[in-house]
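Subject: Structure handover and notes

Dear colleague,

Please find below the sequence and the structure that I promised to pass on to you. My notes on what was found follow directly after.

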Amino acid sequence: MAQVGQSKGFAPKEAPKLNPPKSTPISLPHLAKCDGNSPSYPIYVAIMGTVFDVSGNTAYAPDGAYHIFAGKDASRALALSSLKAEDCRPEWEDLPDKEKQVLNDWFTFFSKRYNIVGQVRR
């Protein structure tokens, strides 16, 4: 699992009650189904292999501004601050340190707001 920073700047105004993190293996085909297009599935976003349940945030729903990330490991796109479909992929290790820090900041942001429901199984 990635390092989680303790910066207070990433804390939400009202801290949500989060469940203990789960390490349930989640396959890429299952993650892809969790893109908000089926009411039978939650909406998930993965960062560095850690899967977050973002179902409660309409920004990740089909008409939302961040729907591009739903059902994917969007690590590279988040590191690059990109909304391009081609950047929504899990490869981030080759990025410069500056982008890796941005990615770690996003991981921290998500970890303070959304339940961790598992880990991507590759």
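Read from the start of the sequence to its end, the chain follows the pattern β-α-β-β-α-α-β, which gives three helices and four strands. Please keep in mind throughout that this is a predicted model. The radius of gyration of the chain is 13 Å, close to the 14 Å that the globule rule gives for 122 residues, so the chain is as compact as a globular protein of that length. Taken along the principal axes, the C-alpha atoms fill a box of roughly 35 × 35 × 30 Å. Of the 122 residues, 39% count as buried, and among the contacts with a separation of 6 or more, 64% are accounted for by residues 24 or more positions apart.

Aromatic residues

The structure holds 10 aromatic pairs. In one of them, the ring centres of tyrosine 60 and tyrosine 114 are 6.3 Å apart and the ring planes stand at 90°, so this pair is edge-to-face. Tyrosine 60 lies in the loop between β3 (50–53) and α2 (75–80), whereas tyrosine 114 lies in the loop between α3 (97–111) and β4 (115–121), so the pair ties together parts that are 54 residues apart in sequence. Both tyrosine 60 and tyrosine 114 are buried.

An edge-to-face arrangement is also found for tryptophan 106 and phenylalanine 110, with 6.2 Å from centre to centre and 70° between the planes. Here both residues lie in helix α3, four residues apart, which is about one turn of the helix. Tryptophan 106 is partly exposed, with a relative accessible area of 29%, while phenylalanine 110 is buried, with a relative accessible area of 0%.

Both of these pairs belong to a wider arrangement, since ring pairs link Phe52, Tyr60, Tyr66, Phe69, Trp106, Phe107, Phe109, Phe110 and Tyr114 into a cluster. A charged side chain also meets one of these rings: arginine 113 lies over the face of phenylalanine 109, at 3.7 Å from the ring centre.

Charged residues

Side chains of opposite charge can pair when their charged atoms come close. The structure holds two salt bridges. One joins aspartate 94 to arginine 76, with the closest N and O atoms 2.7 Å apart. Aspartate 94 lies in the loop between α2 and α3 and arginine 76 lies in helix α2, so the pair ties together parts that are 18 residues apart in sequence. As for their surroundings, aspartate 94 is exposed, with a relative accessible area of 57%, whereas arginine 76 counts as buried at 10% relative accessibility.

The side chains of arginine 89 and glutamate 91 also meet in a salt bridge, at 3.4 Å from N to O. Arginine 89 is partly exposed, with a relative accessible area of 34%, and glutamate 91 is likewise partly exposed, with a relative accessible area of 38%.

Which side chain of opposite charge is nearest to aspartate 35, a buried residue with no salt bridge? It is lysine 72, which is 6.5 Å away, and because a salt bridge requires a side-chain nitrogen of Lys or Arg within 4 Å of a carboxyl oxygen of Asp or Glu, these two residues do not form one. Aspartate 35 is found in the loop between α1 (28–33) and β2 (44–47). Leaving aside its neighbours within four places in sequence, aspartate 35 is in contact with Pro42, Tyr60, His67, Ala70 and Gly71, and of these Tyr60 is also a member of the aromatic cluster described above.

Backbone

Two residues deserve a look for their phi angles. Methionine 48, which is not a glycine, has a positive phi of about 50°; methionine 48 is found in the loop between β2 and β3 and, at 15% relative accessibility, counts as buried. Serine 81 likewise has a positive phi in a residue other than glycine, with a value near 55°. The place of serine 81 is in the loop between α2 and α3, and serine 81 is exposed, with a relative accessible area of 59%.

With best wishes

Conventions. Residues numbered from 1 in each chain as written. Predicted model: local features only at pLDDT ≥ 70, side-chain atom pairs only at ≥ 80, totals over all residues. Heavy atoms only, no water. Phe/Tyr/Trp six-rings, centres within 6.5 Å; stacked < 30°, edge-to-face > 60°. Helix = DSSP H or I, 4+ residues; strand = E, 2+ residues; numbered from the N terminus. Buried < 20%, exposed > 50% of the residue type's maximum accessible area, 1.4 Å probe, protein only. Lys NZ or Arg CZ within 6 Å of the ring centre and 35° of its normal. Lys, Arg positive; Asp, Glu negative; His and termini not counted. Contact = heavy atoms within 4.5 Å. Rg over C-alpha atoms; globule rule 2.2 N^0.38 Å.
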